[in-house]
Amino acid sequence: MVAAAFRVVADAGASVEVLKVSHRFDLHGKPLPVLEDVSFRVEPGGFVALLGPSGCGKSTLLRLVAGLEPPSRGALSANDAPIDGPDPSRVLMFQDPTLYPWRTVRNNAALGLEARGLKHSHSPRVDKALRLVGLTNFADAYPHQLSGGMAQRAALARALVNDPELLLLDEPLGKLDSMTRITMQGELVSLWERSGFTALLVTHDVEEALFMAQRVIVLSDRPARVRADVPVDLPYPRHRGHSRLADLRREVLRLLGLDGTW
Amino acid sequence: MFLAKSQQSAETAGQSIADAPEMPAARGATWITGVWAAGVWLLAAAISRFIPDIDDFERTNLLADIMAGIGVVFVILALGSRFSGVRPPERARSVGPWFLLLAVVLAVWELLTAKFALLPRPFFAAPQGLLEVFTDDYPRLVESVWHSLRLLAGGYAIGAAIGFVAGVAIGWSRRVGYWAHPVLRLIGPLPATAWLPIAFFAFPSSHSASTFLIALATAFPVTVLTWSGIASVNRAYYDVARTMGASQSFLVLKVAIPAALPSVFVGLFMGLGASFSVLVVAEMMGVKAGLGWYMQWAQGWAAYANMYAALLVMALMCTGLITLLFRLRDRLLAWQKGIVQW
Ligand SMILES: Nc1ncnc2c1ncn2[C@@H]1O[C@H](COP(=O)(O)OP(=O)(O)OP(=O)(O)O)[C@@H](O)[C@H]1O
Ligand SMILES: [Mg+2]
């Protein structure tokens, strides 16, 4: 059990299949289509970035994959089993940190373990995760004592503690300063390489998507459709100045309708 | 909340008065407020001691001694800081202006009642009259406080517990909410004292009837505010826990309730206030013990000094209990500091 909890092998990731998924919300009594016939597959241990304009439905898509809501139409599965509810093997790191203000950073990070009754047997994992995100000295601080970026790092630690098979990251580095951001991008990639989970990353940042992911799925405006699926055929560790990244960046910006602006 | 706020602003106001003149607090600086307080307390003591009473009061000398004692304490504090350079304790400095005012009020009160009887006699009791109640009738007062506290504690605990559980249930379960909401809307706003005739008739003893009424008065605000606290919990908190595999009971106990706790405490505070008023009414109407009964009894004998003494004790009891509740809240909601300023 304990050995399984500290997997370092690369087969720990789950596969994800999104099949013809459409989703609509009710906004003031009118249907608001958010996702339109979205399909893609992520192989076990893969790292895929979702890129799209603001409000197109990226967070909604992650919520569906996490099992927090059922899709209006279509099917989602993980490891070829249908996703019909949340599961601790698929952890979503939300766009807002949503830390519990009444818990210290350490106890926030321990939330998943506590929810599954593993708090005492697995407590070293909490310290490990806090060390990873550089919050060891703030373990006993309350969320209102953290900066925005620190809160986001605490939320990342809270997700990592669960040792997920599938990590759903909703703009996890959005609130960090550019220097911490660059460091954390590298950290996340090496963490992913070491732990072998499957990663689905939502981001606004084209460079970030290209630097981190093996594939970048470009979504259209709302309702979101898959506009392109761009493989990033570069080995890790990547070099930010690589000319191939610059080419891919131009291509992705063009797909987003931004060719003239860069 | 309002209470804590006003308390604090009063405190800071007092402090600024006290601090303003001697803020530098250099070695040997005179604590002017302290000197004034000492002077007026000693003056009040002299008035009590040397101006003859209009009537024969038993405790005039004791009153004068107490006043003189307080005066001497202020003399020591003020002179001590003058000559030794030790600043008077922060606490003394902050209450100094209040003690000064208190001495003035007592001296005037003493003059108006015991010394010259300028106010209608039996109704306006003299300070030494109140003091006499405390020295001579304290066993009965202590017993009354004990009875009141016991009755209040029983009713309040039951009401708070029921209100809390009901509030959580209504806030959490749509089905419970469906059935409980109309009942709560109909019964809740009714003052608990409206049940008084029925309660005293339906319950076997006046004690159990009063416990019921106090519980009822407490339960309503606690229920409503617990419910609203649970209902307004950020939905995202549940999503966070659910995505990590939390069970329903975890969501209730570890997410909903802690998140609702600030609101629950507002309910507990309002419930406590409501329970005080029901307690007094119940004790005046039927229970043959407690401070309410003591006041009723004193009024029957036109023993106004006893009435005021009981009123004072009741005020101290109520404010003490509210303070206790706030202490508990500050301890449980320590994480809130910095979000909400008192
Ligand atoms: N619970 C909801 N009820 C109604 N409409 C919703 C709800 N959640 C999201 N929406 C709508 O769905 C659309 C997509 O929202 P979503 O949060 O998925 O966008 P996003 O791509 O993550 O945007 P951003 O990049 O700005 O975070 C928005 O127009 C939003 O108004
Ligand atoms: Mg979003």
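A polar contact is a pair of N or O atoms within 3.5 Å. The exercises below apply this cut-off, among others, to a predicted model.

**Exercise 1. Determine which protein atoms make polar contacts with oxygen atoms of ligand 1, taking A:G55, A:K58 and A:Q95 in turn.**

Solution. Begin with the backbone: a polar backbone atom of A:G55 lies 2.8 Å from an oxygen atom of ligand 1, and this falls within the 3.5 Å limit. Next take the side chains, where an N or O atom of A:K58 is found 2.7 Å from an oxygen atom of the ligand, while for A:Q95 the distance from a polar side-chain atom to a ligand oxygen is 2.9 Å. As for burial, ligand 1 taken alone exposes 630 Å², of which the protein buries 68%.

**Exercise 2. Describe the shell around ligand 1 by secondary-structure element, by residue class and by the residues that come nearest.**

Solution. Start with the elements: those giving two or more residues to the shell are β1 (16-27), β2 (30-42) and α2 (58-66) of chain A, and the largest share, three residues, comes from α2(A). Then sort the shell by class, which yields five nonpolar, seven polar and three charged residues. Finally, of the 15 residues around the ligand, the ones that come nearest are A:S54, A:K58, A:S59, A:T60 and A:R222; A:K58 is also the residue whose side chain places an N or O atom 2.7 Å from a ligand oxygen.

**Exercise 3. Characterise the interface of chain B and chain A by its area and by the residues that take part.**

Solution. The size of an interface is often given as the accessible area lost when the parts come together. Here chain B and chain A bury about 2,000 Å² between them, with 67% of it on carbon and sulfur atoms. The contact draws 20 residues from chain B and 25 residues from chain A. Within chain B, the residues that lose the most area to chain A are B:T243, B:M244 and B:W335, which together account for 37% of what that side buries.

**Exercise 4. Count the salt bridges and polar contacts between chain B and chain A, and then analyse the side contributed by chain B.**

Solution. The count of salt bridges is two; A:E114 forms a salt bridge with B:K254, with the closest N and O atoms 2.9 Å apart. Seven residue pairs are in polar contact across the interface, counting pairs with both residues at pLDDT 80 or more. On the chain B side, α10 (235-243) and α11 (248-285) are the elements that give two or more residues, and α10(B) supplies the largest share, seven residues. By class, this side divides into twelve nonpolar, four polar and four charged residues.

Technical notes
Residues numbered from 1 in each chain as written. Chains lettered and ligands numbered in written order. Predicted model: local features only at pLDDT ≥ 70, side-chain atom pairs only at ≥ 80, totals over all residues. Heavy atoms only, no water. Contact = heavy atoms within 4.5 Å. Buried area = accessible area lost by both parts, 1.4 Å probe. Salt bridge = Lys/Arg side-chain N within 4 Å of Asp/Glu carboxyl O. Polar contact = N/O pair within 3.5 Å; in protein donor to acceptor, adjacent residues only side chain to side chain. Helix = DSSP H or I, 4+ residues; strand = E, 2+ residues; numbered from the N terminus. Nonpolar A, V, L, I, M, F, W, Y, C, P; charged D, E, K, R; others polar. Near = heavy atom within 4 Å. Areas by Shrake-Rupley, 256 points an atom, 1.4 Å probe, with all protein chains shown as cover.
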